[in-house]
Each structure stands twice: as structure tokens, then as C-alpha cells.
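Me: Please take me through this model, with a close look at one pair of packed helices. I would like to see the surroundings as well, in one connected account.

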Amino acid sequence: MSLKNRIGIVIGALLILTWCLLPVAWIISLSFKSQDAITTGSPGFLPAAGGGAGWQNYIDVLADDQFRRAIFNSIGISLIATLLSVALATLAAYAIARLEFKGKKFVLTTALVIAMFPVVSLVGPLFDMWRTLGIYDTWLGLIIPYMSFTLPLAIWTLSAFFREIPWEMEQAAQVDGATSWQAFRKVIVPLAAPGVFTAAILTFFFAWNDFVFGISLTSTEAARPIPAALSFFVGSDPFNRPASLLAAGAVVSTIPIIIIILLFQRKIVAGLTSGAVKG
Amino acid sequence: MSVSTAPAATKHRKEPVVLSDRARAENRLGMRLVAPAVVLMLIVTAFPMLRALYLSFTNYSMTAPDSSEFVGASNYVTALTDPLFWQVTGNTVFIMIVTVAVELVVGFAFAMVMHRVIFARGIIRTSILIPYGIITVVSGFAWQFAFSNNNGFVNAWLPFLDDSFNWFEQYGSAISAIMVSEIWKTTPFMSLLLLAGLATISEDMLEAAKVDGASWWQRLFRVILPNMRGAIMVAILFRALDAYRIFDNIFVMTAGAQGTESVSFLTYRQVIEQFQLGIGSALSVLLFLSVLVVAFLIVKIFRVDLGAARQES
């Protein structure tokens, strides 16, 4: 590679890093500004001298009952929806990758149509239905829509993974004397596990990020997830949104995502691209 | 490999009977395995959609549920003759076209860099997932505060702007701020899809073009882009449909002020804030239909072959 190309790539790489990290650095910086500084105006990128708040915003946010409750709701609802959704998607994707049956195309098409569905167009009827059924503003009332909207992604990603698994190895193991359960558990499960895990991460992201269901199908802190809670967070002065507190809340809600990304970067990239491109 | 041939031969002779039996069992098993997922997806989408279709022909209001009557197509007439509906639709289409176009160019540039970069690969791929993973509401707040004329840094960093310039006071700048947030968050997804497409292009082909004297631009337009058609089309389709549903950023950043509403936002406002399920359902149906139209147009215009692009049979 020529020197000119190499310099270009270094500059390009720096641009990518700036693009991705600048707003994150900004919201972190904002979360360390004092609320007084924010009220009077603090247009700098970093907290001005005397305008810093130390950890105070984080202490305040974590002491806030509504916020703590929202984090708890988000973690609980997203994890349950992810587990159930991936379990159902694994069954479906196994059938799609491995078996010949009528309606295979129907399943894949349904999943694709639902992936394109404008979520907002469903909240009206769901709002009404959930109130009739008594699951409005409950965990279950969010878990069901989260599951059904993450299933398409999970099914597509998993069936892409499963199609790459050499299923003949299962028979080979049986020929070598393993029972069919042993063959499945010792050969197929280890091969399928990384794909299932990747699908689970993507599903979790989706559920954690949801906003429309979160604000429409909840009314109290009983089930309100973190994105909805952040958007309704007004603080003590309703005319002045407490930007620095909100920023601290935003950072806290982002930490789980950052941890997952740091740990499983490779898997996520593989999952995103195999689901969407390789199919 | 070394399985004795005798059992295989007997098995082979029995095949027709065994196979049809097995095929039937397989068919049953397959249907059973997909049933839970399909049923759940239909409960939350098909059933509410049918109910929305029904409600859209009534004047059902959640504040007066007992006085609900059949009103024919009048909700649709109201929606389609209201200039607000068309203004909101135009706005949504505008956001979709601009964001997808910018994301395509920037995302492709990012993909090219990531494809060639040798050092710090892991760091770059990790950082590019951060915008993708962050909650849209959080990125909306981050950008809203960045553009704020009281607490943001954007005015101070842009030399041609007065520090007191209020981005959220007029349509043009407000919609730009919303689009910046949207583009920031979703470009990484676009670039990862394009990166996967780039990876399928053989180096030999590029080397051959180079030996034949093709310039960098010629290689880009004659070799790389045509061979990435599938990946590009799928990326456009996915992102365009996603952009057409834009809601979170608008809700957080302007709450629809200065004419920045999208179709999703208008629908939400009618249903959840005004409790007007009748007209709201009509808007829901129109929103769903317009997403179908957008999908259809993209597939036709760009001749996306989803099956081929996804290597489906």
C-alpha cells in the first residue's frame, strides 16, 4: 500500500472514531456538569471551571425511585422477552434450516413483513385490547409485543446460522455409537450455541431500545421501561428540563449496552451481517 | 465414511415407503416447531391490524366508547383531504430520502476504511457498534442538548453561526437536527451491511483491473459497486423502511413542533393522546399502506431480488 493510501486510511479511521464517540463523550461530559451551570447556560463541550458536579448527578439519579424502578423494569422485561423470543425462534429456525415442511416460505415472509411493520400503527388496537384483557401497564403487556417484534430478527439470524451447521455430523456421531440425544447435545448444541447467543444479544438490544410500546402501553412506573422514563423525566422544575440529570440517567442506561458490546463485539457484527445480508 | 454397504443397500431398497412416512412426520414436526412463533407474531400484528381496519370505519373514541357508530369511509376522507396529512407524509418522505442518501455515502466510506484498516480493527468495530446499541431516545437527547443555544457546543463550534441561534425555532434547522441524530445512530448499521458486501468482492478481480490500468474511481464504479448491488439494495430497503417509521427522535427533540411531525408521530398523537381510535385507526391503516408502497417502490425501482440477495432458494 502506498504512503498516500495509508495516510488516508488513518484519517478515515480517526473520522470513524470521532463520529461514533463524540456524542457519547458529550453526554458523559454533560452528566458531570452541575445543574446550576446548566440552568444559567453552559455552552462549552467540557464542564467550565466551577461548573462541574462530580458524581452528584449520578448520585441523584440513582437515588430517584422512578429511575431505579425503570431500570429494573427494563432489565426484567428485556431479559424475559429475549429468553422467550430466542427459545421460540430457535425452534422455528431449526425447522426452517433442517426440515422440509409446508409453509416454510410463509413463515419467512410473515417474519419479513412484521420486521417492516410500522409499530405505531399497532399501538391503538393493542392499547385497547390490553386494557380489556387487563394487561395494560404490566410487564406481560410489554413482553408480548417485544417478543413478537424481535422474533423476525431472531428467526432470520438463527436460520442463517443454522444453515451453516453441518447436520450430517449428528448422524456421524450416531453411527459412532452415540444415542440421538447424545449426538444432538454433544455435536449440534455446541455448534448452534454461538448463533443462539448472538440472536439473544440482538434481541436484547431491540427490547432495550424500544420506545413506542414503552410510552403507549404503560401509564405508571409499574412497567415503564427506561427510554420512556427518560423521556418523561421532568425533575423538580417542569419548565427547565434537568439536562445534566437526564444525561447521567442516559449514561447509566447505556452502560449495559456498552458492556455487551465490549464483550461480544465479534459475535454482534457476525449476527448483524449474516441476518441481513447472507440471510 | 467406512459404514458397511449392506445396510445402506437394504435401506435404499425400502426408501419410497420410509421416505413418504418420514416426509409426513417431518412436515408435521416442522409445522409444530414454527407454530408458537407464528401464532405469537400474528396475535400481536395481524389481529390488531384487522381490528384497526374495523375501527377505522367507526367514530370510536376511548373517551366515549358507547357512542361508537359505523361511519363508512369518512375517517379516510377526513385524513386524506386534510393538508396536515400530506404535509406530514411529505416530511416523512423527505427525512427518509435525505437520511438514507447520506447514510449510504457515509456508510460506504466507513465500510471502505474498515475493509482496508489493519491496525486497531477491534477498536473501530467496537466503537461503530456503540451508536447502533445506544437507545434512540438517549441519542435524541444528546443531540438536542448539543444543538441547544443555552447548553450546546454546536453553535460555538460552527464559526458561521451566532451563538444565540435557536435550532429548534424554525423548520429547516429543527428537521436538520433531527436528521443528524437519526443519521448518527443508523449509519453504523448501514456500514456494517456494506462491509459484509465488500468482503465478498475478490481481491483478484480488483488486482486484475489494476493491472489493466483502471484508476481508483474506475475500479470503484466498474468493479466494486456493480458487484455489491445485492448488499446495497438490501441496505437501502431496510434503512428506508426503518426511516419511514421515524418516531423516537422527533418525540424527544421537537415533539412535532415547527412542522417536524412524521406519519408515525401524527398517528400516535391521534390514538394515544387524543384517544380518537376511529380516525387514529384510519391513520394506522394509511401508515401501514404507505410502508407497503415504499417497500414496493424500492423493490421495483432498484429491482431488489430479496431471495437472491439473501441466497434464499
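Reply: Over residues 275–299 of chain B, the chain is 92% helix and 0% strand, with 36 Å between the end C-alpha atoms. Please keep in mind that this is a predicted model. That stretch is one of those that an unreviewed UniProt entry lists as "transmembrane region" in chain B, together with 33–54, 93–114, 126–147 and 220–241. Residues 220–241 of chain B come out at 95% helix and 0% strand, and there the end C-alpha atoms are 27 Å apart.

Staying in chain B, have a look at B:Trp184, which sits in helix α8 (residues 171–199). With a relative accessible area of 3%, B:Trp184 is buried, because the cut-off for buried is under 20%. Leaving aside residues up to four places away in sequence, its contacts include A:Trp19, A:Cys20, A:Pro23 and A:Val24 from chain A. From chain B, the same tryptophan touches B:Pro131, B:Ile134, B:Ser139 and B:Trp143. B:Thr99 is 85 residues from B:Trp184 in sequence, and their C-alpha atoms are 9.6 Å apart.

Those contacts lead us over to chain A, which has 12 helices and zero strands. Its C-alpha trace spans about 75 × 70 × 35 Å along the principal axes, and 55% of its 279 residues are buried. Of the chain A contacts with a separation of 6 or more, 72% join residues 24 or more positions apart.

Now for the helix pair you asked about. Two packed helices are described by the angle between their axes and the distance between the axes. In chain A, the axes of α7 (residues 139–164) and α9 (residues 180–209) come within 9 Å and cross at roughly 150°. Angles over 145 degrees count as roughly antiparallel, and so α7(A) and α9(A) are roughly antiparallel to each other. The crossing of α7(A) past α9(A) is right-handed. On the α7(A) side, the residues in contact include A:Tyr146, A:Phe149, A:Leu153, A:Leu158, A:Phe161 and A:Phe162. Among those that α9(A) contributes are A:Ala192, A:Gly195, A:Val196, A:Leu202, A:Phe206 and A:Ala207. Sorted by type, the residues of this contact are 13 nonpolar, five polar and no charged.

For a contrast with the buried tryptophan, try A:Leu263 in helix α12 (residues 243–278) of chain A. Its relative accessibility is 60%, so A:Leu263 counts as exposed. A:Val120 is 143 residues away from A:Leu263 along the chain, with 33 Å between their C-alpha atoms.

Notes: Residues numbered from 1 in each chain as written. Chains lettered and ligands numbered in written order. Predicted model: local features only at pLDDT ≥ 70, side-chain atom pairs only at ≥ 80, totals over all residues. Heavy atoms only, no water. UniProt positions renumbered as here; feature names shortened; annotations may be inferred. Helix = DSSP H or I, 4+ residues; strand = E, 2+ residues; numbered from the N terminus. Axes fitted to C-alpha atoms, helices over the stretch in contact; angles between N-to-C directions. Parallel < 35°, antiparallel > 145°, perpendicular 65-115°, else oblique. Left-handed = near helix turned anticlockwise from the far one by under 90°. Contact = heavy atoms within 4.5 Å. Nonpolar A, V, L, I, M, F, W, Y, C, P; charged D, E, K, R; others polar. Buried < 20%, exposed > 50% of the residue type's maximum accessible area, 1.4 Å probe, protein only.
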